[in-house]
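Here is a structure to be read through its definitions. Each question below asks what justifies a term or a value.

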Amino acid sequence: MKQEFVQAVEDTVHNVMREMHTAMPGKIISYDAGTVSVQPSLKYKTPDGKKLDYPVLTNVPVVTACGGNAAVAFPIRAGDDCLVIIAEQAIDGWLADADDDTELKYDLTNAICIPGLCKAPAEAQEEANSKGTIVIRCPPGAAVTVRGDLKVEGNIFYSGEIQRR
């Protein structure tokens, strides 16, 4: 009888945890005005052992390095990998600057997207590691844009041409 009770408790805990989501890799399907649609890359396992795709998550806010009216952003494209974080509580109220009484915990509707998850270290990361420096790399034809004043304390080294626009 004691073992049956323990097993029942364990089964209940496993069933509850099966519906609890925390973080998983995903693939961005589309980007629009600060939110993405993202397809979680892992499979959902049902109680009877079937593996199913998670649904596409829509209107997921994107994490961007920002604060104090400053931001660092990079292009987000369909097909980019990302990390999907599932907030502990509903984020609708936070997004709307309002109170929210939703009781959803660890629900897929509370997803947040962190773009830039890589399956293997990118070439720029390897260069940064080997040289002990910060590397900013753009695809061919693209450039780094700085809006505002640029102050450099130290030497400037360059290769190529300096062009005035």
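Q: Which strand and which helix each supply at least two residues of the lining of the largest pocket?
A: Strand E7 (70-72) and helix H3 (123-131) each do so, and H3 gives the most, with four residues. Helices (H or I, at least four residues) and strands (E, at least two) are DSSP runs, numbered from the N terminus. This is a predicted model, in which local features need pLDDT of at least 70 and side-chain atom pairs count only at pLDDT 80 or more, while totals for chains, interfaces and linings use all residues. Residues are numbered from 1 along each chain as its sequence is written, and side-chain values use heavy atoms, with hydrogens and water left out.

Q: What makes a residue part of the lining of the largest pocket, and which lie nearest its centre?
A: A pocket is an open set of points on a 1 Å grid over the protein atoms alone, where a 1.4 Å probe fits, with protein on both sides within 12 Å along at least five of seven lines, and a lining residue has an atom within 4 Å of a point. The largest pocket has 36 lining residues, with Val 72, Ala 73, Phe 74, Ile 136 and Arg 137 nearest its centre. Its space comes to about 1,500 Å³, a volume being the space filled by probe spheres set on the points, which are joined across faces, edges and corners.

Q: How do the residues of the lining of the second largest pocket divide by class?
A: They comprise ten nonpolar, two polar and one charged, where Ala, Val, Leu, Ile, Met, Phe, Trp, Tyr, Cys and Pro count as nonpolar, Asp, Glu, Lys and Arg as charged, and the others, Gly among them, as polar. This pocket has a volume of about 640 Å³, and the lining of the largest pocket has 25 nonpolar, five polar and six charged residues.

Q: Why are Tyr 44 and Tyr 54 called an edge-to-face aromatic pair?
A: Rings of Phe, Tyr and Trp (its six-membered ring) pair if their centres lie within 6.5 Å, and planes under 30 degrees apart count as stacked, over 60 as edge-to-face and the rest as tilted. By this rule the count comes to one aromatic pair. For Tyr 44 and Tyr 54 the values are 5.8 Å centre to centre and 70 degrees between the planes, so the pair is edge-to-face.

Q: Why do Tyr 44 and Tyr 54 count as buried, and Thr 145 as exposed?
A: Buried means under 20% relative accessible area, exposed over 50%, and partly exposed in between (1.4 Å probe, protein chains only). Tyr 44 is at 16% and Tyr 54 at 13%, so both count as buried; Thr 145, at 58%, counts as exposed.

Q: How do you know that E1 and E8 pair, and what is the order of the sheet?
A: Two strands pair if DSSP finds at least two bridges between them, and five bridges join strand E1 (residues 23-32) to strand E8 (residues 81-86), which run antiparallel. In E8, Ile 85 stands opposite Ala 23 and Leu 83 opposite Pro 25. The open sheet of five strands has the order E5-E2-E1-E8-E9.

Q: Why is one side of E5 and of E9 left without a neighbour in the sheet?
A: E5 and strand E9 (111-115) stand at the edges, each with a single partner strand, so one side of each has no neighbour in the sheet.
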